Amino acid sequence: NKQIHLDNRPAGEASASNFKLVTAETPALQDGQVLVRHHFMSLDPYMRGRMNDSKSYAAPQPLGQVMQGGTVGEVVESKSDKYKVGDKVVGFGGWQEYSVVNADQVGALRKVDTTHVPLSHYLGAVGMPGVTAWYGLVKIIQPKAGQTVVVSAASGAVGSAFGALAKARDLRVVGIAGGEDKCKYVTDDLGFDACIDYKAHRDVGALSKALKAACLDGISGYFENVGGVVMDAVMTRMNAFGRIALCGMIAGYDGKPVPMSFPQLLLTNRMTLEGFIVSEHMEVWPEALTELGMLVGTGKLRPRESVAQGIEAAPEAFLGLLKGRNFGKQLVKLI
Ligand code: NDP
């Protein structure tokens, strides 16, 4: 069983030398346990925060242990009456090829149906990132039909799901993404009404002008994934009583501080800004996953994936995700 461990913590930017490839024996199953062979593992921006030993909503990733993370795979051995060999499951098996799971532990595994939804999408659009988009849109932004909403990192796992959920509610949805290719995908394939390439608008003023042209009625709701200049620019176009779901600030994750200057606009526009962590809202997951599964199953959401091959490729793929080199949900394919 090949595994990737966190070997040491980054000082500044993360690098491949923070990780270590280890080969371990898979322990024999005890009663109530199953052995899962992972088909895909998920690489997610939050993992960067856990590589640090700082105070956060989640405990740091322990050193010398398997990197934690979401996985999908197949039950290949079972000593549980809840799962049988061949069941497709989503879980939290970490950066390794196999995991032994206590099937009775609440939330440890979930059986999934791959008739209409490919297995890998349970780590993306019909999984944690999709529910994240749903929570921010439905529970925080609470939009009314016809309003304009904006999302940053629009081509990514969360952003693409946000677009489909917004279109399903008759909203005008404008994306922000890095580069022409990503923007073209956001409008042509994901069906956004417009997409702005922030890399072609280097400062707040230029980006704000582009947003004005794309959002003629201003912006009623903003789903923030990035922070920094992008967030500052959107703030200048928010309508009075606008609502902001603060989901992530990836621009500042990898050791570089990102200056921002919006508090005064929060006041003058009487805005609401709410941060959230999707795993603290398990009560919405069933409803959100049902809607997201329908959108994917009916072809209304066709999420793109960046797939790295083999566990050895995980560290570089993860570092690439932190630099925006992924195009869609970043996965590692293990078989
Ligand atoms: P994505 O698939 O969107 O990948 C990350 C993307 O961020 C990159 O592709 C890149 O796209 C974009 N990005 C923008 N600015 C930068 C920058 N300065 N440096 C690097 N990348 C940048 O990831 P996810 O959809 O998985 O996650 C999106 C956000 O949602 C993250 O901030 C994440 O932490 C957050 N999140 C929060 C959760 C919560 O519970 N609050 C749960 C899940 C995710 P581009 O090339 O367009 O810039």
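In the predicted model, strand β11 (residues 219-224) pairs with strand β12 (residues 238-246) in the parallel sense, and five bridges join the two. Within this pairing, G221 has R243 of β12 as its bridge partner. Between the two strands the chain passes through α6, and the resulting β-α-β crossover from β11 to β12 is right-handed. On β12 there is also a pairing with strand β13 (residues 272-275), again parallel, to which it is joined by four bridges; here L246 is partnered by G275 of β13. The connection from β12 to β13 runs through helix α7 (residues 263-268), and this β-α-β crossover, too, is right-handed.

A further set of pairings involves strand β15 (residues 329-333), which is mostly covered, four of its five residues being buried. Strand β14 (residues 305-309) pairs with β15 in the parallel sense over five bridges, whereas strand β3 (residues 33-42) pairs with β15 in the antiparallel sense over three bridges. Both pairings include L331 of β15, since this residue stands opposite S42 and also stands opposite V307. The chain reaches β15 from β14 by way of helix α9 (residues 314-321), in a β-α-β crossover that is right-handed.

Two helices were examined for the distribution of their buried and exposed residues. In helix α5 (residues 204-214), the buried positions are L207, A210, L211 and A214. These residues lie on the same side of α5, because the arc that they cover around the axis is only 100 degrees. This accords with the general geometry of an α-helix, in which there are 3.6 residues a turn, so that residues three or four places apart point the same way. The exposed residues G205 and A213 are carried by the face of α5 that is turned away from its buried side. The packing partners of the buried residues of α5 are β9 (172-177), β10 (194-197) and α6 (228-235); of these, α6 is also the helix through which the chain crosses from β11 to β12.

In helix α4 (residues 180-188), the buried residues are K182, C183, Y185 and V186. Viewed down the axis of α4, these residues fall within an arc of 160 degrees, and they therefore line one face of the helix. On the other side of α4, the residues E180, D181 and D188 are exposed. The elements that cover the buried residues of α4 include β9 and β10, and both of these strands are likewise packed against by the buried residues of α5.

The surroundings of the ligand comprise 29 residues, of which G156, V158, G178, G248 and G324 are the closest. The elements that contribute two or more residues to this shell are α2 (128-141) and α3 (157-167), and the largest share, three residues, is that of α3. By residue class, the shell around the ligand consists of 16 nonpolar, nine polar and four charged residues.

Definitions and conventions: Residues numbered from 1 in each chain as written. Predicted model: local features only at pLDDT ≥ 70, side-chain atom pairs only at ≥ 80, totals over all residues. Buried ≥ 20, exposed ≤ 12 C-beta atoms within 10 Å, placed from the backbone. Arc of directions from axis to C-beta. Contact = placed C-beta atoms within 7 Å. Pairing = 2+ DSSP bridges. Right-handed = clockwise from strand over helix to strand, strands pointing away. Near = placed C-beta within 6 Å. Nonpolar A, V, L, I, M, F, W, Y, C, P; charged D, E, K, R; others polar.
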